[in-house]
Amino acid sequence: MFMAEAQGEHDERPLAGLRVLDLADEKGELAGRLLADLGAEVIRVEPPSGARSRGMPPFKDGRSLYFAARNSNKLGLVLDLDDASGQERLLALLAKADVFIETEAPGRLALIGLGPRALSERFPHLIVLSISDFGQTGPYRDWVATDATMSAIGGMQCKAGVADREPLFPPSAMAYDIAGIMGAWAALVAIYQRENTGFGQTLDLSVLEAVAEQTDWAYSNGSMIEAKGQNSQMVRSGSGPIYPIIACREGFVRLVIMSARQWHAMREWLGDPDYLQDPSYDSFLGRIQIAEALSVAVGDLFSSLGHVEVAVEAQRRGIVCTPVLTPNEILENEHYQSRKTFVSGEFAPDKEAPFASGFFELDRERMGYRNRAPEIDEHAKEISNDFWPLNRPTPAGSRPAAGRPFEGLRVLDFGIGGVGVEAARLFAEFGADVIKVESRSYPDFIRVVMSTEMSASFASSNRMKRGLGINVKTSKGRDLIRELVRHADLVTENGSTGMMESMGLGYAELKKLNSRVVMASSQLLGDHGVWADWIGYGPSTQPIGGLVHLWDYARASRAVGDGAGEAAALDAPAGSSSIFPDHLAGRVLAIVALAGLIRRGRSGVGGHASVAQAEVVVNILSDQFLKEAVDSGNVRPRGNRSDRGAPWGSYPCSGHDEWVAITIRDDRDWRRLVVAMGEPAWAASESYALPEGRATAHDEIDDRLCEWTILQSAQAVTATLQMFGVPAAPMYAAREQLHDPHFQSRGYGHWSEQQGLGWMAFEGPAFCASGSARAPLTQAPRLGEHTRIIAADILGLSEEEVEGLISDGVLEIAPPPPE
């Protein structure tokens, strides 16, 4: 076990004493930072020329805010790994380290004797986390990529933008930050397992797979449709009819009405007109039929009110509505100020600005920014030979076979929708006994969204769990839950603020029942702050976190390839119909929950982990808020343009809604692109030879590129450009991912027959682990499917007692499956 001592002082943070060597550059840099946020001592190792990410936008006074946001709380050290002395120094540090993070091209470190397998064999205690764009294996292993091309092939781009324009890249390095978050999760799983076995392992994390599992439930839904021989083709519709963006007197709001109760409240606000009284409108599917007429009525109502005013009144009425905030509005927002979502920090020596303070809290203490990112080699003197005084001990015996890290853990899952449910599922994936707690009077709304007791989305997030039907609104039901808590290690929930407390199941009560239990909570805006009682879903976080405003076309921009001139400015932000960040927030919640369990192994007591879902968005966009703070008014929607290079965008191809992402980072990429296209005469212009000239002529270059790409499929364009080393990738939706040979070769999809639905595929964990085995894939439970077994085996109830509680409506069971 790593010791809870850091820099000579006792440290209560859960990873205090953990030692990390971090070579991640550009991609996955958040992995080391999140470990540092949780207390680990992280040394950021750079080459003598400095990290590549120090040259990535946005900038202020020549300083990369990209680097500053992703490398806070780390120490800085220069090592030249092309030199024998640098390699020896690295090996000496690895003998004392717990985790090694690297993002080199697959095979690069092996050429100098530092490959993941060799390091794991030399240092059996060491956890080696390798983050690469496509993983260490597979046909695309050696493809070159950027964050933008990964968002295209990973499925993040296909739902963003409107149908008659080009799809939109996310407005930040979302793909590489998602990989960093998943890297932190993978490392923590291995750390937890090492506490029991003593052995480290290698972790092969694919950016592609990490991104693919974050967008929403498209993969599982698409696979079910495909398995039935139906067409799963998706139509891009921006924010779409499900999560519409509606104009107000000034600004916009996102309105999401899912339940009948929310609909009745909205109908009352509209004046309860006769034409909206049809009982079929109580269902989500029924309201879709009148979506256009409803949007007109709601638009008229909101047109006389400001966007924050609308949201405040809607929330008062119990309606899910959040304002579309600009970066400046977020920095000044009263709720974020009340939560200290931003703290003052240095982005360079003696240069301060508000930093996003961190993704999560543990026992109400923010785990986030403490110290600025290091200067090059800043801590070289401090990191002397005795900085980490002792080598980590070599584990005794032979390396065990791959095992399930969470076997023996029990999780009570009170989650609904995506966040808490996904957090719990991650523990089930590696062996925990996860019990899904529901009742028919309060089912998970995703279970019943299609007016049955099973949906593909529910199945995706609840596979590998057991189902318990229990009415917690009864005193006997709450007593049984309290008894279950005594046998639990982790409780997950993402209900509205105060819901668990109202049932007598808040953390203050749970820790009286079981001092070792960890509770993991996630609410829309957190469990404290002036708007803490606001309700919402995953898409509700995008407006209030700044994502909707920025995930848009540049104002008055023209469509790519539209040589006729400028198109009219769009009124509302284009946005995305993805439920992001539900799945990602679930992983962030799992990270801080697991950190709490790791701390419990040292202290013997549990804790309360919490995540504000909107702060996941804020922290993902952290460098954008830094830029807004130091250069007010200059952070605006840019469509697919990037300060990283030009040309940079999505280009139409020959098939229906086929697009290819092409990103030119520098002059070398440009020269390779020109050769790949056959050196057309137009590309020989001297003004295109330099970045400034290409940026100025971006529109005309785009037009020419479109003439070339439109004659070919996205796969053909990608194959040609990858052959010449140009970052490019096709835009994929779930349908393409299901049939793609690289996804298949990596074993990403796992097919299973799901009761009530038929055959469908589920996504994998985004990383391959040499020492961790996944639990067998089992189908999602019917509501109350395992009630009798759980009541007997865990609660110790007799058959007679169980049947009596079922008769009294306290316990609920699933009906017999159809023959």
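A residue is called buried here when its relative accessible area is under 20%. Cys158, at 4%, is therefore buried. Keep that cut-off in mind as we walk through this predicted model, since burial will come up at nearly every stop.

Let's begin with the whole chain. The protein has 819 residues, and a compact globule of that length would have a radius of gyration near 28 Å; the value here is 26 Å, which agrees. Along the principal axes, the C-alpha atoms fill a box of roughly 85 × 70 × 55 Å. Within that box you will find 32 helices and 30 strands. Of the 819 residues, 63% are buried. The contacts tell us how the chain is brought together: taking those between residues at least 6 apart in sequence, 76% join residues at least 24 apart.

Now turn to the outside. About 29,500 Å² is exposed, and carbon and sulfur atoms supply 50% of that area. As for charge, the protein carries 78 positive and 108 negative side chains, while the centres of the two sets lie 3 Å apart.

Back to the cysteines. How many disulfides does a search of the whole structure find? The count is zero. Cys158 has as its nearest cysteine sulfur that of Cys653, 15 Å away. Cys706 also has Cys653 as its closest partner, but the two sulfurs are 9.0 Å apart, too far for a bond, because a disulfide needs the sulfur atoms within 2.5 Å. Cys706 is buried too, with a relative accessibility of 7%.

Next, follow the chain to helix 3, which spans residues 84-94 and holds Leu90. Is Leu90 buried or exposed? Its relative accessibility is 0%, so Leu90 counts as buried. Leaving aside residues up to four places away in sequence, Leu90 touches Leu21, Leu23, Leu79, Leu81, Phe100 and Leu114. For a sense of scale, Glu209 is 119 residues from Leu90 along the chain, and their C-alpha atoms are 29 Å apart.

Helix 9, residues 260-269, is our next stop, and its buried residues include Gln262, Trp263, Ala265, Met266, Arg267 and Trp269. What covers them? The cover includes strand 12 (252-256) and strand 13 (320-323), along with helix 10 (284-288), helix 11 (291-302) and helix 12 (307-316).

The stretch that follows helix 9 deserves a slow look at the backbone. Just after the helix, Gly271 takes a positive phi of about 100 degrees. Asp272 has a positive phi as well, near 50 degrees, and this residue is not a glycine. Most residues other than glycine have a negative phi. Asp272 lies in the loop between helix 9 and helix 10, and with 36% relative accessibility it counts as partly exposed. Asp278 is found in the loop between helix 9 and helix 10, and it is partly exposed at 36% relative accessibility. From Asp278 to Glu812 there are 534 residues along the chain, with 31 Å between their C-alpha atoms.

Another positive phi in a residue other than glycine occurs at Ser451, where the angle is near 65 degrees. Ser451 sits in the loop between strand 19 (433-438) and helix 16 (456-462). With a relative accessibility of 57%, Ser451 counts as exposed.

Further along comes helix 24, residues 622-630, which is mostly covered, as eight of its nine residues are buried. Which ones are they? The buried residues are Ser622, Asp623, Gln624, Phe625, Leu626, Lys627, Glu628 and Val630, so charged side chains such as Asp623, Lys627 and Glu628 appear in this list.

The loop after helix 24 brings us to peptide geometry. Most peptide bonds are trans. The bond from Ala646 to Pro647, however, is cis, with omega near 0 degrees. Pro647 is in the loop between helix 24 and strand 24 (648-652). A cis bond also joins Pro57 and Pro58, with omega about 5 degrees. Pro58 belongs to the loop between strand 4 (41-46) and strand 5 (59-60).

Key. Residues numbered from 1 in each chain as written. Predicted model: local features only at pLDDT ≥ 70, side-chain atom pairs only at ≥ 80, totals over all residues. Heavy atoms only, no water. Buried < 20%, exposed > 50% of the residue type's maximum accessible area, 1.4 Å probe, protein only. Helix = DSSP H or I, 4+ residues; strand = E, 2+ residues; numbered from the N terminus. Rg over C-alpha atoms; globule rule 2.2 N^0.38 Å. Contact = heavy atoms within 4.5 Å. Areas by Shrake-Rupley, 256 points an atom, 1.4 Å probe, with all protein chains shown as cover. Charge placed at Lys NZ, Arg CZ, Asp CG, Glu CD.
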